[in-house]
Amino acid sequence: MAVWPLCLLAGCAVAVTSHNDIDERQNAPVPHRYVHGVIPDDARFQLALPDAWNGKLAIFSRGFSGTELTTGAFKPAALAKGYAFAASDEGWSRLTIAREPEDSYYESRQRLRELTVYARQVVTAHYGRPPSRTLIMGGSNGGHHTKWLLESCPELYDGGIAGYGFNSQVSQWGSIATVLKHYSVIAPRLDDIIARRRVEPAWEPDREPLEPPLAAAELESLRRIYSIPATLGGGFGYDVGRWPGSETRWKAERNALIGYLHDSMPRFDPTFNPDGGDLTDEELPQWDPNRSPVSVQRELRKLDLTGKLTRPLIVIHGTHDVIPGEAAGYQSLVTRHLGPARTDRVLAVYFIPGMGHGGPEFDALIGDQLDALESWIEFNQSRGARGSPPPSTLGGYRREPARAAAARRDRNLRPSSTP
């Protein structure tokens, strides 16, 4: 057992007890001290302290289905560069949250703050000095949390890497229900659509009918998958529909999307039960969070992003993801608050053509993202005397300027990097 002073906000000093079940030496991927245990309210964590420390700390936020141990390529990439690395299960599990009344998705906010300050204390005790810089990073659910924490707790972090994350639980889970609802209508013609798109990447279903033509209901469902309006608190609207070209992934993703709704619908919206009894897979796509009771919408919208970004953030998203519009929407949201020039000083967005919800292309770029983020932080903190802004291309993928994103939003167009 270890006790460390915890300060969630400057000026406070509250004792926090960690119960550690592992504290040992490990050699992979680099020699480091490895600590695993529990910090307040049953939030499990891991902490890696490399021998060749670069003086900095990386905080990781896990995916929706993950735990403190499912860090993917983030942990080895961070340790290889010398970062101390910390991750948490954030106090809840997708598989149990529906039957655990004390757990909520919102508690990630507090658990990540606790993890961050706790990790800083342990790092300081271990190395004899505090970290000079603290970053936050993650993909999917962790991509959302990275944006969320940078917006709301800029005093804790110097910058972040947010991979393929969402902006709101309403847009995330509502759009998934919409896709599933209309997928069942278009499924009999999906192979024909994929074949046509393969030959003509810019194919427009409304102007160039298939042979035989899509039925009116099928064409309408296809439109509804491509374009799904979403709104954040404050009335900001954007589109979270699937992007053309992603059709090749729809069939394989269907069961996973159903699984997400099935596991969590009792927590998303306990009032949703169209026919009584246990929810069926056929009923789940009928859910529309915009029609849920006000109390449900209020709870879901606790995770809405604001766009009030002040720390440098790199966002990379795949054009074949189920939610690519979330990244484009976030760029427009930040631009609404800051204007294009100021947005480009704190937000860099890149799209990877053909990548789904994460993938090897993203994983291979984590180290490059860390380098780019560090140089960018240095550039901003030195007012241009050192470092550099984020590159115009990262891994060969072009950065999307905020001004171009704003113009596209006005014309309802996709980013030019979409194949």
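Me: On a 1 Å grid over the protein atoms alone, a cavity is a set of points where a 1.4 Å probe fits but cannot get out. Grid points are joined across faces, edges and corners, and a volume is the space filled by probe spheres set on those points. What is the volume of the largest cavity?

Reply: This is a predicted model: local features need pLDDT (the predictor's confidence in each residue, from 0 to 100) of at least 70, side-chain atom pairs count only at pLDDT 80 or more, and totals for chains, interfaces and linings use all residues. Residues are numbered from 1 along each chain as its sequence is written, and side-chain values use heavy atoms, with hydrogens and water left out. Searching the whole structure gives 2 cavities of 30 Å³ or more. The volume of the largest cavity is about 70 Å³.

Me: Which elements give two or more residues to the lining of the largest cavity?

Reply: Lining residues have an atom within 4 Å of a point. Here they are Ser104, Tyr105, Tyr106, Gln169, Arg267, Phe268, Glu299, Leu300 and Leu303. Helices (H or I, at least four residues) and strands (E, at least two) are DSSP runs, numbered from the N terminus. Two or more lining residues come from α7 (250-268) and α8 (294-300).

Me: Which element gives the most to the lining of the second largest cavity?

Reply: This cavity has a volume of about 50 Å³. Its lining is Val179, Leu180, Tyr183, Arg242, Trp250, Glu253, Arg254 and Leu257. Both α4 and α7 supply at least two of these residues. The most, 4 residues, comes from α7.

Me: How many charged residues are in the lining of the second largest cavity?

Reply: Ala, Val, Leu, Ile, Met, Phe, Trp, Tyr, Cys and Pro count as nonpolar, Asp, Glu, Lys and Arg as charged, and the others, Gly among them, as polar. The lining has 5 nonpolar residues and no polar ones. Its charged residues number 3.

Me: Which element provides the largest share of the lining of the second largest pocket?

Reply: A pocket is an open set with protein on both sides within 12 Å along at least five of seven lines. This one has a volume of about 400 Å³. Of its 22 lining residues, Gly174, Thr178, Arg224, Trp287 and Asp288 are the closest to the centre. β9 (229-231) gives two or more lining residues, but the largest share, 8 residues, comes from α4.

Me: Is Gln46 buried or exposed?

Reply: Gln46 sits in strand β4 (residues 43-50). Its contacts (heavy atoms within 4.5 Å), leaving aside neighbours within four places in sequence, include Tyr34, His36, Glu68, Lys75 and Phe85. Ala86 is 40 residues away in sequence, yet 5.7 Å away C-alpha to C-alpha. Buried means under 20% relative accessible area, exposed over 50%, partly exposed in between (1.4 Å probe, protein chains only); at 1%, Gln46 is therefore buried.

Me: Which residues does Lys81 touch, not counting those up to four places away in sequence?

Reply: Lys81 lies in the loop between α1 (74-80) and β6. At 33% relative accessibility, Lys81 is partly exposed. Its partners are Asn54, Gly367, Leu370 and Asp371.

Me: How far does helix α12 reach from its first C-alpha to its last?

Reply: α12 spans residues 366-381, which makes 16 residues. Its buried residues include Ile366, Gly367, Leu370 and Trp376. The expected span is 1.5 Å times one less than the number of residues. That expectation is 22 Å, and the helix comes close to it, reaching 22 Å.

Me: What is the phi of Glu90?

Reply: Most residues other than glycine have a negative phi, and most peptide bonds are trans. Glu90 lies in the loop between β6 (84-88) and α2 (107-127). Glu90 is buried, with a relative accessible area of 0%. Its phi is positive, near 65 degrees.

Me: What is omega for the cis peptide bond that joins Glu211 and Pro212?

Reply: The bond from Ala28 to Pro29 is cis, with omega near 5 degrees. Pro29 is in the loop between β2 (14-26) and β3 (32-39). Pro212 lies in the loop between α5 (190-199) and α6 (216-226). For Glu211 to Pro212, omega is about -5 degrees.

Me: Over which residues is the pLDDT below 50?

Reply: The protein has a mean pLDDT of 92, and 93% of its residues reach 70 or more. One stretch has 38 contacts in the model beyond near neighbours in sequence, but its pLDDT is below 50: residues 1-13.
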